[in-house]
Amino acid sequence: MTKRVSTFLLFLVLFSLSACRSEPPNTTIEGPSTQIIRWRMVTTWPPGFPVLQEGAERFAHNIKTMSGGRLNIKVFAGGELIPPLQTFEAVSQGAVHMGHGSAYYWAGRIPAAQFFSTVPFGMTVKGMNTWLYEGGGLKLWREIYAPYHVIPFPLGNTGVQMGGWFNKKIKSTEDLEGLKMRIPGLGGKVFAKAGGNPVLLAGAEVYTALERNTIDATEWIAPFHDLRLGLNRAAQYYYYPGWHEPGAVLELTINKKAWQSLPEDLQAIISTAAQAENLRMSSEMEARNAQALRELQAQTHTRILAFPDDVLTKLRQLTQQMLAEHAASDPQFKQVYEAYSAFREKFSTWDAISERAYQRALEK
C-alpha cells in the first residue's frame, strides 16, 4: 500500500468517525448538579494486552472514580476503533480525545519524538522520569508536539528490556553480520550499521517467523511478555541487556482542544492519575518480569546469556555515530538530542556515586 493510499484511507476513517458521531467532542449529560463528560481513548496495544492495555484501562477507571463519575473515558484497544499506529494522528485531528502508545511509533513523522520514548544505550526509567518531570524534558516534549495539537504525559515504562532471542550464540560482532533480526526503530538502524539485517514484523508474526527460521533472532519486550508469546519455544539463546531499549516510556496523548475544554479540577485529576499510573505500570513490569525470569531459568533448554563486552562496545560506538548523523541532518532532532545528552551527563554524575556505587558495593 502506498503512503498516499494509506493517508487517504486514514482520512476516510477519521471522516467517518466525525460524520457518524452524533455528539460533540465533549459529550455531556447535565443534571441538577452534575455534568458528565464522555471521552474516547484509543491505544496501540492488542485487546487484553497485559500491563500496557490493562494499565490504560485502569487509568481510565481511576479517573472516573476520582472525578465522581464526571469524566468517563471509554478505552478502545488497537484496531477496535483506529489502526494501532494511527493513534497519534487520530488524537491530533480530534477524532478521539486521548491515546496511549509510545513516541517512537511516530518516528516517521517526528524523528525527535524517539528521545521521549527510548534510544539505544540511553537512560533507564529512573533517568527518564527525572528528566521528564524535573529536568525540562516534559516541557520540551510538549513543545515538539504543540504543532500537532497534542499534549503528552508519561504513562508507564517497560524498564530495561532484554536483548532478544537468537537461534545461535553471539560470540563476537562477526556473528551479527547478515543476521536477520526483528528489531525496529533506532536500534534497528544501529543493528544495520553492525552488518545485521533488521526486519520489521508485527508482534503477532514474531513467533512464527522465528520458529520457521524466517528470521534468526528477535527482540520483543522482556521475560513476562516474551514468555507469554512463547518465544522460549522458538529459540534457545536469550541475551541481555536490552541495549536498544533501556527504558521505553509509554505516553498518554490528549487532543489540545479537548484538554482546554476541561475545568481545572478535571485537568488536575488527569495529571495526577497519569503520574500514578506511570509508577504503577513500570512497577508492575518489574514484578512480572522478575517472576517470569525465574520460570525461564528453570527451563533446561533456555540459555540466558550476556552479550560479549566487545559486541556491546561496538554497538555503543555505532549508536553514537548514528545519533550524530541524524542530528546533523535534522535541526529538531539535534535540539532534543542536545537537551537529552546535557541532562544525562549531569544526572549520571550523581548516579555514579549514589546508585551505581551502591550496587558495586553489594557485589563485593
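These legends accompany close-up views of a predicted model.

**View 1. A network of salt bridges brings five residues together****.**
Welcome to the charged part of the structure: Glu 54, Arg 58, Glu 277, Glu 284 and Arg 288 are connected by salt bridges into a network. For context, the model has 12 salt bridges in total. The next two views pick out pairs from this network.

**View 2. Arg 58 and Glu 277 form a salt bridge****.**
The closest N and O atoms of this pair are 2.7 Å apart. Arg 58 belongs to helix α2 and Glu 277 to helix α10, so the pair ties together parts of the chain that are 219 residues apart in sequence. Are these two residues buried or exposed? Arg 58 has a relative accessibility of 17% and therefore counts as buried, the cut-off being under 20%. Glu 277 is buried as well, with a relative accessible area of 2%.

**View 3. Arg 288 and Glu 54 form a salt bridge****.**
Here the closest N and O atoms are 3.7 Å apart. This pair links distant parts of the chain: Arg 288 sits in helix α10 (residues 264–297), Glu 54 sits in helix α2 (residues 52–66), and the two are 234 residues apart. Arg 288 is partly exposed at 28% relative accessibility, and Glu 54 is partly exposed at 31%.

**View 4. Glu 143 and Lys 139 pair up within helix α5****.**
Now for a salt bridge inside a single helix, α5 (residues 137–145). What separates the two partners along it? They are 4 residues apart, which means a separation of about one helical turn. Their closest N and O atoms are 2.7 Å apart. Lys 139 is exposed, with a relative accessible area of 57%, whereas Glu 143 is partly exposed at 39%.

**View 5. Strand β3 runs parallel to strand β2****.**
Turning to the strands, how many bridges join β2 (residues 35–43) to β3? There are 6 of them. To find your way along the pairing, look for Val 42, whose bridge partner in β3 is Phe 76. Strand β3 (residues 71–76) has 5 of its 6 residues buried, so the rest of the structure largely encloses it.

**View 6. β2, α2 and β3 make a β-α-β unit****.**
This unit is right-handed. Its helix may look familiar from the earlier views: α2 is where Glu 54 and Arg 58 are found. Helix α2 thus takes part in the unit with β2 and β3, while Arg 58 in α2 pairs with Glu 277 in α10.

Conventions. Residues numbered from 1 in each chain as written. Predicted model: local features only at pLDDT ≥ 70, side-chain atom pairs only at ≥ 80, totals over all residues. Heavy atoms only, no water. Salt bridge = Lys/Arg side-chain N within 4 Å of Asp/Glu carboxyl O. Buried < 20%, exposed > 50% of the residue type's maximum accessible area, 1.4 Å probe, protein only. Pairing = 2+ DSSP bridges. Right-handed = clockwise from strand over helix to strand, strands pointing away.
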